[in-house]
Amino acid sequence: MTQPNVNKKQNNNKVVNKSIHSNKGKFELKKKPTQQPNNDKINNIKTPMEIPKEIILQKESLPVFSAKDALLKNFKEHPTVIIISETGTGKTTQIPQYLYENGYKDKGIIAITQPRRVAAVSISKRVSQEMGYELGEEVGYCVRFDDKTNEKTKLKYMTDGMLVREAMLDSSLSKYSVIILDEAHERTLNTDVLFGLLKSIQKRREKKHPISGVYNPLKIIIMSATLDAELFSQYFNNAPVLYIEGRQFPVHIYYTEETQKDYVDAALITVLQIHIAHLTDKSIDKEEQEDGGDILVFLTGRDEIENLEKLLLDRIPRLPKGAKDLIVCPIFSALPQEQQMKVFEKAPKGSRKVILATNIAETSLTINGIRYVVDSGAVKSKIFNPKIGIDSLNIIPISKASAKQRTGRAGREFEGKCYRLYTQNTFEKLDSSSIPEIKRSNIANVILQLKTIGINDILGFDFLESPPVASVMKSLELLYCLEAISEDGSLTELGKKMALFPLDPMYSKTLIKSIEFECSEEVLIIISILSVESIFFTPKEKKKEVEDVKKIFFSPEGDHITFLNVFREFQKSKSQQQQWCFDHFINLKSMVKVVNVFEQLIKYCFSLKLPIVSCGSDFDRVKKSFIGGFFLNTAILQPDKKYKTMVDNKEIQIHPTSFLFEQKPQHILYNELTITTKAFARNIIPIEGSWLAEICPKYYGTRPQQQQKSTPNQTSIDSFTN
DNA sequence: GAGCACTGC
């Protein structure tokens, strides 16, 4: 076994005591003496249920508690406050309670946004317990498919996307007195939209209402983990920045001495070295030796994870005498739930887990017992190219912020070690933070939402950081093509309807078109399936079996009708759904989500009085509906069996996972085009060329064939990127 | 004949 050249470096992370300081010098808070629980105070809290003393003691031992007075003082004096804090300060659970206890609930609801559903749900549960209320009463949550709030709810944990949706119904968000944007450093698409919205709403609500004379100001609190403080503060008119130090155990960081050509191989060696280190290195302390501590490896995708899994399983039987058992647990989003659960099971005594994860383990889920992190330094990222209007999926270096986040996963319960599979010099050159989503995504949907809220001038909108102009222009163009906006950029009646659906504009257009073609039931089902990640899961070793099973559902009418068959069969399986999914390599969790989306879309249709009608087996109607939304995504077969797009004559191929990969129909419509090694079209419908002019005379009024002037010697990728 | 990271409404 070769030795990776690792360089020991002391990390800056320290276990820090509770303290708070301001970078603006607006106030100074001296470190308080250790807090003794104040019994008078305990007796004064009025809640319907008895709060156990342990909870009160626990709350008061959190780092954020010593900052309480300073926080409240700042909330009182400033319309916006930025709070910078590491994990483990208790800010997300405690600060809303401080606001609640200090009068802010009397002026309106206190909202706390989260980027993820699970976080909103679990944190609100915790807070309702701490306050002695039933969940869904004073404290509740609101996420898609699940609203646990009532008229009494004053502390409302919600996803950022949910709050954007509420702004579409009430553009002043007038029922909220305080809005806290938590995890702001993640810069999700929706959080970035909220920055702009809240800033303008706050300004509007500074003044008394011109008619009613009501004064209803909005307080904004931004909570972030990394040091984007200056950016946030400047944007919010020099809002004060407060720092709360967290409680992390120290993590020692090691870098490689040389750049690693193959980080999967480097990860293999590093994992094995960590695992057997105690056999040779007597300096490893007793605690570390005894409880072992699990290893978490960050890779970029399923392929790498399965490769490393295989390599490890090959090596494990040949571990030296005295080595413990090593249990390999892969985890990535597409892995079925049952198999995901394996990473949370405690390793049996005398053995150790090694978890091979994607970015899912960076923020989305927390695994206990990690002492070692192995960081590849890479991540897979989707980037929208506005010039050509297509996504590509690339492996790119992570940012410093991301590296720090990964490292921190080793210091949650005890002192840890982080092995970065890159040099310190490489680390120094990384970007300080990742490119925010709004700068690298297709924002057609965001623009439709903003226009619904009443923001017409998108290029002039006060974003924290603006999306690329080309991206805005591309989206406006698309919305105009779909007839969601008119020539002057204002929302059409159709556009207003489209915005109501929680779907991308091309899908909502398809859905509305399906009313006209009397096949809304089928289109609703298909769209629901397309809006979840793949419903099939193919275990690596069962490829052939899966191919055979998939044939049961196959329809020559295309992927969409094939999906429809899957759904119909799933419905028939009724009480044996779990077994049926298992037998047919279908991901049950995905199917449950499909059903949820389907039911939600039906509700929206009812509210708009759109009839749900089935077309029986007349699937041409379904295909024509999709042309209504996806007429820009069509291609024609070439003599060389590849395709050229009809709109701009670029070479593309049907993705091999498509059911039509071998059929090669003359004209196709696709839902997605992704560039990886080639430009691949996914989710394919065979269509008749003549339908295009029939359904979209504006674009295909002239014969489609005329647009197909072939340009010889064009290679697929080049023609897209040039 | 290729492999889709993650999240949200």
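This is a short talk about one pair of packed helices and the cysteines in a predicted model.

Okay, hi everyone. Remember that what you see above is a predicted model. Chain A has 722 residues, and 54% of them count as buried. It has 27 helices and 23 strands. If you take the contacts between residues at least 6 apart in sequence, 74% join residues at least 24 apart.

Let's zoom in on two helices. Two packed helices are described by the angle between their axes and the distance between those axes. Our pair is α19, residues 520-530, and α23, residues 588-607. Their axes sit 8 Å apart, at an angle of about 135°. Since angles over 145 degrees would count as roughly antiparallel and 65 to 115 as roughly perpendicular, α19 is oblique to α23. The crossing of the two is right-handed.

So who does the touching? On α19, we have Glu521, Leu524, Ile525, Ile527, Ser528 and Ile529. On α23, the partners are Val594, Val597, Phe598, Leu601, Ile602 and Cys605. Sorted by class, that contact has 10 nonpolar residues, one polar and one charged.

Keep an eye on Cys605, by the way: its relative accessible area is 0%, so Cys605 is buried.

And that brings us to cysteines. How many disulfides does the structure hold? Zero. A disulfide is a covalent bond between the sulfur atoms of two cysteines. Take Cys615: its closest cysteine sulfur is in Cys519, 5.1 Å away, which is too far for a bond. The cut-off for a disulfide is within 2.5 Å. Cys615 also counts as buried, at 12% relative accessibility.

That's it from me, thanks!

Definitions and conventions
Residues are numbered from 1 along each chain as its sequence is written. Chains are lettered from A and ligands numbered from 1 in the order in which they are written. This is a predicted model: local features need pLDDT of at least 70, side-chain atom pairs count only at pLDDT 80 or more; totals for chains, interfaces and linings use all residues. Side-chain values use heavy atoms; hydrogens and water are left out. Axes are lines fitted to C-alpha atoms, for helices over the stretch in contact, and angles run from 0 to 180 degrees between N-to-C directions. Helices (H or I, at least four residues) and strands (E, at least two) are DSSP runs, numbered from the N terminus. Angles under 35 degrees count as roughly parallel, over 145 as roughly antiparallel, 65 to 115 as roughly perpendicular and the rest as oblique. A crossing is left-handed if the near helix is turned anticlockwise from the far one by less than a right angle, and right-handed if clockwise. Contact means heavy atoms within 4.5 Å. Ala, Val, Leu, Ile, Met, Phe, Trp, Tyr, Cys and Pro count as nonpolar, Asp, Glu, Lys and Arg as charged, and the others, Gly among them, as polar. Buried means under 20% relative accessible area, exposed over 50%, partly exposed in between (1.4 Å probe, protein chains only).
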